[in-house]
Amino acid sequence: EAGDADKGAKVFRKCMACHAIGENAKNKVGPELNGVVGRKMGSIEGFSYSDTLKEHNAKGDVWTAEVLNSYLENPKGFMPGVKMVFAGLPKESDRVNIIAYLSSFNAD
Ligand code: HEM
């Protein structure tokens, strides 16, 4: 089902202490998230990733919408070793909407 990017923008408030997105977005506690849907894992230059994300990067793994959905439900459960301190988004609708919001910043 199609997500609602406007609703996703509200959910993204939970991420904003650590992540920026949009024009001039900078790395904060977490990496900037422009183009993250379809982006190679652990690929932002100058961000100090965990070994876990460095290993995914080396394997060429990509943040597809499907993988993001699983990750955001339970970050450390889905990806042990990741250093993102966030409990996750238990509601499927929140995850689908936030992925629609994140996708709205993709270049195409
Ligand atoms: C990494 C999304 C909340 C801190 C990531 C990545 C994504 C993501 C997609 C991987 C990026 C990449 O590979 O370049 C989100 C979303 C959030 C959220 C959508 C809200 C729903 C948070 C919060 C914090 C945080 C609240 C800080 C308390 C981090 C850190 C990393 C990261 C430190 C790097 C992890 C590592 O190197 O293992 N986040 N995040 N995130 N995030 Fe978040």
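**Exercise 1.** What percentage of the 108 residues of the chain count as buried?

*Solution.* Start with the basis: this is a predicted model, where local features need pLDDT of at least 70, side-chain atom pairs count only at pLDDT 80 or more, and totals for chains, interfaces and linings use all residues. Residues are numbered from 1 along each chain as its sequence is written, and side-chain values use heavy atoms, leaving out hydrogens and water. Next, fix the term: buried is under 20% relative accessible area, exposed over 50%, partly exposed in between (1.4 Å probe, protein chains only). The result is 41%.

**Exercise 2.** State which helices and strands the chain has.

*Solution.* Helices (H or I, at least four residues) and strands (E, at least two) are DSSP runs, numbered from the N terminus. The count gives five helices and zero strands. In sequence order the pattern reads α-α-α-α-α.

**Exercise 3.** Assign the two faces of helix α2, residues 51–59.

*Solution.* First, list the buried residues: Thr52, Leu53 and His56. They sit on the same side of α2 because their arc around the axis is only 90 degrees, taken from the directions from the helix axis to the C-beta atoms. Then turn to the face away from the buried side: Asp51, Glu55 and Ala58 are exposed there. Finally, glycine 60 follows α2, with a positive phi near 85 degrees.

**Exercise 4.** Test the chain against the compact-globule rule.

*Solution.* The rule is 2.2 Å times the number of residues to the power 0.38, with the radius of gyration taken over C-alpha atoms. For 108 residues a compact globule would have a value near 13 Å; the chain has 13 Å, so the two agree. The C-alpha trace spans about 35 × 30 × 25 Å along its principal axes.
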